[in-house]
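Biologist: Mind walking me through this one? I'd like to start with the ligands and then get to the fold.

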Amino acid sequence: MINKKTLYLSHRHPLQIQTAVQKRSYPHVFLTALLIGLTLLYIQDVQASFSDDEGCLICHKYPRMTRVTEDGAIRSYYVMPGVFANTVHRNVPCRDCHSYIKELPHREVKEGVQCNSECHSVKNPATGKQFSHKGIYDAYKGSVHGREKNTQGIESDKPYCITCHTNPIYDPNEAGPPKHIVDRCVLCHEDQKFVEQWYKHTSRRIRDVKRSSEEIVQLCSSCHEDKKLIDRHVKHAAENNLELGKKFKVAVESYEESFHGKLTNYGFQGTANCLDCHAKEDNYYKSVHEIRPSRDPLSPTHKDNRVETCKRCHTRADSNYAGIDPHPTALADDGVFRHYAEKIYDLISYITILGLVGLSMFETFGRRRDGVAFRLRKGTSWRRKSKRGRDRVE
Ligand code: HEC
Ligand code: HEC
Ligand code: HEC
Ligand code: HEC
Ligand code: HEC
Ligand code: HEC
Ligand code: HEC
């Protein structure tokens, strides 16, 4: 259901568009040299609006900088300078993240970027220390999704930071800082660029620029509705004697069945999405990174915390209300009552429909047998007298 491309494209870090091409075998997979040649021919001077002291854009500013991977997909290494300059990481030099690149021109890249590494160039203005995402990283590592960057097998099914985040643009809905505000700040600060950067940085957070409910449901569903992934984990848990929540297998389809899910599908923002229940309201931005299973007493979905969780919105909720299943299904081993209620309702509706159709069939055949003709004219379709005197038409 989820189209990862459309979900993330607008936020894509250095615009990494991967276009699948027809599978063909490429004898020379590393077309790098040729491609550099091609890209240099495609000279186009792009003005970077951030400082590129490391000179990465000498090569990476070219739109045609692509390569065909081993499995036949086109991979782009193009960094759009104009887009990058409007993203939250615009002030982070390329090699603070791509720290494994030690020389230029660089070799083939095998390692990835770790999101817990310390920035060499950016300090946290509040503490004066080198900036890092360590706090978030530690919360994430303790969560159900915590894993190392480079993992294999079953672990790699879990989301790493870049599964959920690319390099977002500050506020996609705002073209730029409003002039009347900038003018006012510049009055004292005298530097337009300083003011614009601070404005964008702060306004994203003050305006609460974040995912909509649908986007959150899409994000979680991209894995939790993937049958193969679910089966792998159910099997793995059974083999290793690990516990999984009762709703693990049906989390998404059951949410879609719930009242909340239906409202979200209609585009309503005020109802509960996955994170309204699975993350705490208090310190929300940290809490989304420490999702715990419902069997953990610290989870807002734990049975002892459920009333509080529902009360965020249903102010008069009590333990009865909180007992309502937020992941309802009609499966025999889950929603027993609904399972049989649905069976009975099905039966009743089949009998009713069958009965109605049956009755009208009897009537029709009865009339035909009596010789009454079927005609669509003047209001009634039954004309002519009955042969047997049992006249049904007035
Ligand atoms: C001389 C041109 C050149 C310069 C300068 C350059 N690159 Fe590259 N870069 C390339 C080429 C060519 C590729 C594709 C390599 C390949 O396919 O093996 C690439 C690929 C990459 C990749 C992706 C590799 C992957 O497979 O995921 C990253 C990341 C990268 N460069 C980062 C940087 C950074 C950071 C800088 C600046 C410090 C930089 N590059 C400077 C030419 C360059
Ligand atoms: C905030 C950290 C960060 C900064 C700053 C950053 N990158 Fe990246 N870059 C990443 C991540 C994360 C990836 C995804 C690949 C991975 O996980 O290693 C990536 C991927 C890439 C790729 C490969 C695209 C692909 O399809 O795999 C290129 C090329 C690249 N970066 C170039 C640059 C250049 C040039 C700059 C500076 C203008 C830069 N990056 C700045 C984090 C960063
Ligand atoms: C399962 C998905 C998921 C994973 C994995 C994840 N995040 Fe997040 N993150 C979110 C959501 C959801 C938000 C809330 C903002 C929103 O809705 O876009 C958020 C918010 C943030 C913010 C606040 C952004 C702002 O504009 O104020 C930062 C910073 C952040 N995450 C960093 C990280 C880092 C670093 C990691 C890896 C250690 C990580 N995230 C892993 C889903 C995730
Ligand atoms: C009346 C003059 C004035 C106006 C208008 C003004 N500032 Fe300031 N600003 C200051 C002074 C003076 C300081 C430093 C002293 C302080 O902390 O009060 C400062 C500090 C700051 C800092 C902290 C810088 C640092 O590195 O510590 C930021 C960021 C900032 N202002 C942004 C803005 C923005 C954005 C606006 C417009 C919305 C704005 N200012 C409007 C006078 C002003
Ligand atoms: C990249 C895939 C992926 C994404 C995206 C993802 N999850 Fe998960 N999730 C997993 C995997 C894999 C597990 C681990 C199952 C296991 O322990 O074997 C898991 C476990 C969980 C568990 C605990 C299950 C249990 O019974 O122990 C919960 C709760 C959960 N995720 C909720 C969410 C929510 C809410 C979101 C959206 C913000 C989300 N997940 C996004 C892959 C993902
Ligand atoms: C109204 C609150 C609510 C909403 C909305 C919600 N959940 Fe849940 N979720 C719960 C509760 C409570 C449980 C524990 C149910 C049980 O075991 O009986 C649970 C269980 C789960 C489980 C099984 C693992 C565990 O912790 O027991 C997963 C996985 C999960 N939810 C994912 C999701 C996803 C993905 C979404 C969004 C598509 C979502 N949930 C929406 C409240 C909610
Ligand atoms: C983020 C807000 C939010 C949270 C948290 C939340 N709900 Fe809801 N829920 C809503 C909204 C909005 C509706 C729409 C109907 C309405 O206005 O009453 C709704 C409707 C319902 C309905 C449909 C019937 C009714 O009473 O209106 C049930 C049942 C329900 N929620 C149960 C729960 C349970 C149980 C929990 C806790 C596990 C919970 N909700 C948590 C926002 C929320």
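**Ligand shells, core and confidence**

Modeller: Sure, and keep in mind that this is a predicted model. The shell around ligand 1 splits by class into 10 nonpolar, five polar and four charged residues.

Biologist: Which residues come nearest to ligand 1, and which element gives the largest share of its shell?

Modeller: There are 19 residues around ligand 1, and Cys56, Cys59, Cys94, Pro105 and Val109 come nearest. Helices α2 (32–41), α3 (57–60) and α5 (94–97) each put at least two residues into that shell. The largest share is three residues, and it comes from α3.

Biologist: How far can I trust residues 1–48?

Modeller: Across residues 1–48 the pLDDT stays under 50, although the model has 62 contacts there beyond four places in sequence. Where pLDDT is low, the predicted coordinates should not be read in detail. So for residues 1–48, go easy on the details: the pLDDT is under 50.

Biologist: And for the protein as a whole, where is confidence lowest and where is it highest?

Modeller: The average pLDDT is 84, with 82% of the residues scoring at least 70. Strand β1 (residues 18–20) is lowest, at a mean of 33. The highest value, 97, belongs to α14.

Biologist: Now ligand 5: which element gives the largest share of its shell?

Modeller: The shell around ligand 5 has 22 residues, of which Pro159, Cys220, Cys223, Gly245 and Pro293 come nearest. By class they are 12 nonpolar, eight polar and two charged. At least two residues each come from α10, α11 (227–239) and α14. The largest share, five residues, is from α10.

Biologist: What about ligand 6: which helices each supply at least two residues of the shell?

Modeller: Ligand 6 has 23 residues around it, with Gly245, Cys274, Cys277, Ser294 and Pro326 nearest. The classes come out as 11 nonpolar, eight polar and four charged. The helices you're after are α10 (213–224), α12 (251–257) and α14 (274–278).

Biologist: Which element gives the largest share of the largest nonpolar core?

Modeller: That core has 11 residues, among them Ile216, Leu219, Cys274, Leu275 and Ile291. Two elements give two or more residues to this core, α10 and α14. The largest share is four residues, from α10.

Biologist: Which residues is isoleucine 291 in contact with, leaving aside its neighbours within four places in sequence?

Modeller: Isoleucine 291 is a member of that 11-residue core. With those neighbours set aside, its contacts are Ser143, Val144, His145, His278 and Ala279.

Biologist: Is tyrosine 255 buried or exposed?

Modeller: Tyrosine 255 is in helix α12, and beyond four places in sequence it is in contact with His260, Gly261 and His327. Its C-alpha is 8.9 Å from that of asparagine 273, which is 18 residues away along the chain. Because it has 25 other C-beta atoms within 10 Å, where 20 would do, tyrosine 255 counts as buried.

Biologist: How does histidine 133 rate: buried, exposed or partly exposed?

Modeller: Histidine 133 is found in the loop between α5 and α6 (134–141). Past its neighbours within four places in sequence, it is in contact with Cys115 and Asn116. Its C-alpha is 7.8 Å from that of glutamate 118, 15 residues apart in sequence. Histidine 133 has 17 C-beta neighbours inside 10 Å, so it is partly exposed.

Biologist: How many residues of α18 are buried?

Modeller: Helix α18 (residues 336–369) has 34 residues, which should span 50 Å at 1.5 Å a residue, and its end C-alpha atoms are 49 Å apart, which agrees. Glycine 371 follows α18, with a positive phi near 90°. Helix α18 lies largely in the open, because the number of its residues that are buried is zero.

Biologist: How far apart are the end C-alpha atoms of helix α9?

Modeller: Helix α9 (residues 192–206) has 15 residues, and just after it aspartate 208 takes a positive phi of about 60°. At 1.5 Å a residue the helix should span 21 Å, which agrees with its end C-alpha atoms being apart by 21 Å.

Biologist: Last one: what share of the protein's residues count as buried?

Modeller: The protein has 18 helices and five strands. Among contacts between residues at least 6 apart in sequence, 51% join residues at least 24 apart. Of the 394 residues, the share that count as buried is 13%.

Note on methods
Residues are numbered from 1 along each chain as its sequence is written. Chains are lettered from A and ligands numbered from 1 in the order in which they are written. This is a predicted model: local features need pLDDT of at least 70, side-chain atom pairs count only at pLDDT 80 or more; totals for chains, interfaces and linings use all residues. A residue is buried if 20 or more other C-beta atoms lie within 10 Å of its own, exposed if 12 or fewer, and partly exposed in between; C-beta atoms are placed from the backbone. Two residues are in contact if their C-beta atoms, placed from the backbone, lie within 7 Å. A residue is near a molecule or strand if its C-beta atom, placed from the backbone, lies within 6 Å of it. Ala, Val, Leu, Ile, Met, Phe, Trp, Tyr, Cys and Pro count as nonpolar, Asp, Glu, Lys and Arg as charged, and the others, Gly among them, as polar. pLDDT is the predictor's confidence in each residue, from 0 to 100. The expected span of a helix is 1.5 Å times one less than its number of residues. A nonpolar core is a set of buried Ala, Val, Leu, Ile, Met, Phe, Trp, Tyr and Cys residues joined through C-beta atoms within 7 Å.
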